[in-house]
Structure formats: structure tokens, C-alpha cells
Amino acid sequence: MRMSMRFGKTLRESPAEAELPSHILMLRGGYISKVAAGIYNYMPFAWRAARKIEEIMRREMDAIGGQELLMPVVHPAELWQETGRWQAIGPEMVRMKDRSGRDMVLAMTHEETITDLARRYIDSYKQLPAVVYHIQTKFRDEPRSRAGLIRVREFIMKDAYSFHADQEGLDEYYPNMCRAYKRICHACGVPVVQVLGDVGMMGGTNAHEFTYITDYGEDTLLLCPECGYAANRETATIKKDVAASGLSPEDIPAPEKVATPGKDSIAAVSEFLGMDPKETMKSMVYLNGDSLVMVVIRGDLDVNEKKLANLLRVGEVRLAYPEDLEKAGLNQGYMSPVGLKGIKVVCDDSLSADRGYVAGANEAGFHLKNVVPGRDFAVDYRGDVVAARQGDPCPVCGKPLDVKRGVEIGNTFKLGTRYSASMGANYLDENGKAKPLVMGCYGMGLGRLLACVVEANHDERGIIWPMTVAPYHIYLVALGASDTVKNESEALYRRLTSKGFEVVLDDRDESAGVKFNDADLLGMPIRLTLSERSLKAGGVELKMRSEKSSRVVALSELEGELSKIIDSEMRRFSPDEVI
RNA sequence: CGGGGAGUGGCGCAGUUUGGCAGCGCGCAUGGUUUGGGACCAUGAAGUCGCAGGUUCAAAUCCUGUCUCCCCGACCA
């Protein structure tokens, strides 16, 4: 490839719209160009890198029994109506009518289409497990695209689906996919952590995310540096240390009303009464659709709305407005579930039913001592709705948790029978009995991974592509306008290309500074410089993008040297070496 | 959807406060001089100032509406 003929160009200044390194560098390098918010063109260099990532994905998917197919981007609405997602999903799904007025959707994902295929082609347990994948465009009309390729509306995803006879089959297969995901990221030079994830709109029982840790990420994670516990904010929990008191509710004195004038916060009340916040009960009221829900949790803890919504099996809840509280006759600062009527109560499992807590008296200026969950108020839901915070004890080992940000590159879900049951995707087992297929689904964003490659591999001058995904391995700078340099560089370019090396020849009529700066910005791993000076020194100058120093290599030894470097770099990123 | 900011040649920006010839740098084209870390000289092309309406002798500038884009939040590969 000759730079003089490159479709696209580098920019000296970074476009105002970009803030992240990956976004800035890919725009400046002419790798991507924006069409609309969250919709990008992949220019030739970026597309070459993307295709290399795809090949890595294919290699790893094939290695765990995946078969590649291709499903369409436009689906008939009926498929999505069968699973209920036509109704359940909001405006992020693009809907349209075809010319005959049939409702159609743009694919946000492909569970429906693959399950439709599965019910038509999988008849018997003898065909299981079955694993298929494809690399295809998705469209999600996100409320807010941002950060270049990291959060877009149109994106290419590698998504895989597995079908099993039973949960055990899925459980057995699932780790293969997790390992493959780590191998793919490693091969692309992107370190990832596997974290517990929320099932979200997919449904199912169990999920993991594969996340690249960076302050620019929009996913919030809780990590335990001690034991490796890792979960995203929607799933993370903490050690609550609720030791049994050995008391039964009858042993605990009845609630006692105490005056707490003006003490309308946990901190104020516990200080006033000389108690630990852990001995108090915090009451929060949320709006679930039109109805109110009260959540009670130990005084020192906070509520995670997403976990609350999941416990209630609804899409979302929001903190009630002061007017709502007033209408319900609740005194903010003095609320409690005691004597509450017509409002469901969620009790976090940080509160135990064998001890008394300080709670509000539902009367301004008063609290109750010795309030026992279950005895003094009815519990409608009990579960874990705690919001894990920086420094909270790890649920596994008790050491303080760290909060980090990250970019979710891929995720894996144990779907179970969520889709097969609603779409009637059954197989016959050994006894000839029809059973729903047990499914897993596994997504990974191609553009997002590409952006993370840049995030994880750049310096202030530009991108430093790992050999495995570099658009080209070698950037050959022809320096100077002399015929000797022109002829020699042209000959070298042809020679290397004909031997299968991936080479960009910078044959532009530009100054040395421009060429070197573009070489650094574009980030091919090996830079060769051919000039009068290098020829006089005995050959071409060879410099790795990732290193400072350079050396001169004789033209006669060049191929051997390049092969050696490329091989060792490829090995450095080989997942077999590590995972 | 809530909060903040911005739309002026391809890119980065000034000009808007106080209405009066639409500018600068980079890039692009042509010619010449240069060639080891973003060269220099000369000449040139390119903008309905996001869009619509209004005020005015006159609007990039003032008013109204609208669209788009960016950042923070809610939400996701």
C-alpha cells in the first residue's frame, strides 16, 4: 500500500468532538470518520485491523466448536413479539414498516432469529450441544452515543449462541466461552477482567462481563485486590456480617418511642442516641411505576436501584419525590415500615429478624427503638439490594473493595430457557420427551474491542498496534527525493510485498518530520527508514514503534530479521502462551 | 429525558458584547526552492456563517422557533 494513494489522511489537529485517546487518535489517523452521532465509517486502515480482530474471533470460536453463519439485520416483528421483547424494549429498538405494511425491526441482537433457527433445525438431543456464531451489524438507538467507537448506535458484534439439553450441559460448556473471550482479548493486546454481570434485557440466570479497566470506562466495577472478587455495580454485593444474636423475637423488648427532635438523618439520630449506625434501620421510598415501595436497609448502607428493580422484577424504579411522600403521609427523615399501610416493604438481608433496630416513628421528631423486622412490620420482599461502595468489605474475603471504571468489551449470559420456552424451541430427549433447549448467548463488540486496543496500546505520539491486529506490520519511510532513494525504496517495497510482508510505503513528497510523525500516529509496529544516510550506513534503519532506539539492518538480511521480529511479536500475543 | 456547551471553507479557530466589505492557521491546487522529526516563497480555488421566520436602510452579529453535534447524568457490546 502506497501512502501517496491512501484513501484517507491524517489530521494535524484533533477534531473538537473527541476526548478519549482512542477517539482522538483514530480520528487524527484517519482510521474512522463520523457519519452521524454514534455512526461511523471504518476507513481502510481501521477495517484491516477490524478484520484481523474478526479472524482472531473466528479462530477462538471455531476452537470451541462454534460454526459461523450469518443472520440478517432486518427482522420481522413477529419474532420479537413471540418473546415479548417487541413490547418490553423501548425506543432503542428501531421499528419500521416494509412496503406492504408489515412491522419490521433492526436487529439489536439475534436471540430471536437464532432461536427460530434452532426450533426448526434441532430435533434431537443427539444434535446437542450446538454452538453457532456470527459477526454482524446491530443497531441500538442509544439515548446517548459517545467516546468514538466505544459507545455507538450502529456496531458490529460477534455474537455466539449455544444450545444444550439441560442446565448441566450449559454449565459445563460456559467456561469454554469465558476462556475464549479472555484469549481473544489477550491476542488483541487488551487486558481484561472477568466480572459478575447483570442479566439486563437478556434475561437468564447468570452473566459475566469482560471488561478493560480504564478511567474512561462507563461501567463501574467493584474489585477485591485480595481475592480477585470482581462484579459490576449492578451485581456487586458486600459482606454484611449479620451474626445471629441468639435471641428470638419474643426476647426483644417492644418498640419504644423516643423523642429525636430535628434528627432526620441516620448520622444525626445515631449520634443523638449514642448508637452505631449499624444499629439503625434506614427507610427509603421508591416509585415502582405508580405505586410506592419502601426499602429498609441497615443504617450504614445504601440502596442500589438496579438491584431493587431486579428483585421486584421490573425494569426500573426511582426514588420517590417529596410530593409523593407527602401524599402518602410519610415524614421524610422519620419514616419506617412500622404501621405502614398499602405500601410494600422490601427488606435488605443486612437486617436480621433476631434483633431490634432504631427506626423512624412516622412522626416528625420521633423514632422507635427495638424495631424487629418481621415482628413489628411485614416483609413483602427480602433480598440483597445493597449498593457496594469503595472500601466496603469483599463478600468473599472481607477485605476492602476497590471501585474502578471499565469498558465492557464482551459479555456472556446463561440464558436458560428464556427464549426457547417462549418460542417453542424444543428437542426430544432420550425418552422421546419434548424439552426446551437450554441456551447461552455471548456477545462481543468488534469496534469496542478495536477502540480498547488503541486505549491499551498508545502513547502521546500515537497508536502502537500489537502485531496481531496492526493494519500493516511494516511502515517503510522513503526519505529524500533522490532517484536512488526512490528506486531503492520502491524495489524494497516490491520485494517485501511479494514475499508476503504487509507493508505501507510512505512515498509521499513530504518532509521527514511529516513522515515520522505520521508513522508514529498510525502506529504500525515496525518502522523501516530508507534514505541516502541509511544506505551509506549499510542498509535500512529499523525501529520498533514501541521502542526508542533504532538500528541499521543490511538489505540482504532484512527478510530474516523482519520474520524473526514478527514471529516473536505474534508469539508475545498468543493466548496459548498465557491462557 | 434532566443539566451544561457548541454550530462560521475539509480540520482547528477568531469575528457576535457595541449590526456596516466574512477573516486567520492548517489542509488543498499550481510553480519554484527544500528533504532525518509536522520546511520556505509566490500564486490560487474553496464558506447560502446549521436551518426557518422576524426586526432593520443593512444581520454571522439582535429576536423567535427549529435541527444537529459534544460533555456530565439516567441506560448499554
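Visitor: How many salt bridges does the rule find across the interface of domain 1 and domain 3?

Guide: In this predicted model, a salt bridge requires a side-chain nitrogen of Lys or Arg within 4 Å of a carboxyl oxygen of Asp or Glu. Applied across the interface of domain 1 and domain 3, that rule gives 3 salt bridges.

Visitor: What is the N to O distance in the salt bridge of R48 and E502?

Guide: The cut-off for such a pair is 4 Å. The side chains of R48 and E502 satisfy this criterion, with an N to O distance of 3.4 Å.

Visitor: Which element gives the largest share of the side of domain 1 that touches domain 3?

Guide: The elements that contribute two or more residues to this side are helix 1 (21-28), helix 2 (44-63), helix 6 (167-187) and helix 11 (446-456). The largest share, 8 residues, belongs to helix 2.

Visitor: How many residues of the side of domain 1 that touches domain 3 are nonpolar?

Guide: Domain 1 brings 20 residues to the contact, and domain 3 brings 19 residues. On the side of domain 1, 6 are charged and 3 polar, while the nonpolar residues number 11.

Visitor: Which three residues supply 31% of the area that domain 1 buries against domain 3?

Guide: Domain 1 and domain 3 bury about 1,700 Å² between them, with 68% of it on carbon and sulfur atoms. Of the area that domain 1 buries, 31% is supplied by three residues, more than by any other three: Y31, F45 and K52.

Visitor: How far apart do the C-alpha centres of domain 1 and domain 3 lie?

Guide: Domain 1 covers 17-220 + 404-455, and domain 3 covers 463-577. The separation of their C-alpha centres is 37 Å.

Key: Residues numbered from 1 in each chain as written. Chains lettered and ligands numbered in written order. Predicted model: local features only at pLDDT ≥ 70, side-chain atom pairs only at ≥ 80, totals over all residues. Heavy atoms only, no water. Domains from an automatic or database assignment. Contact = heavy atoms within 4.5 Å. Buried area = accessible area lost by both parts, 1.4 Å probe. Helix = DSSP H or I, 4+ residues; strand = E, 2+ residues; numbered from the N terminus. Nonpolar A, V, L, I, M, F, W, Y, C, P; charged D, E, K, R; others polar.
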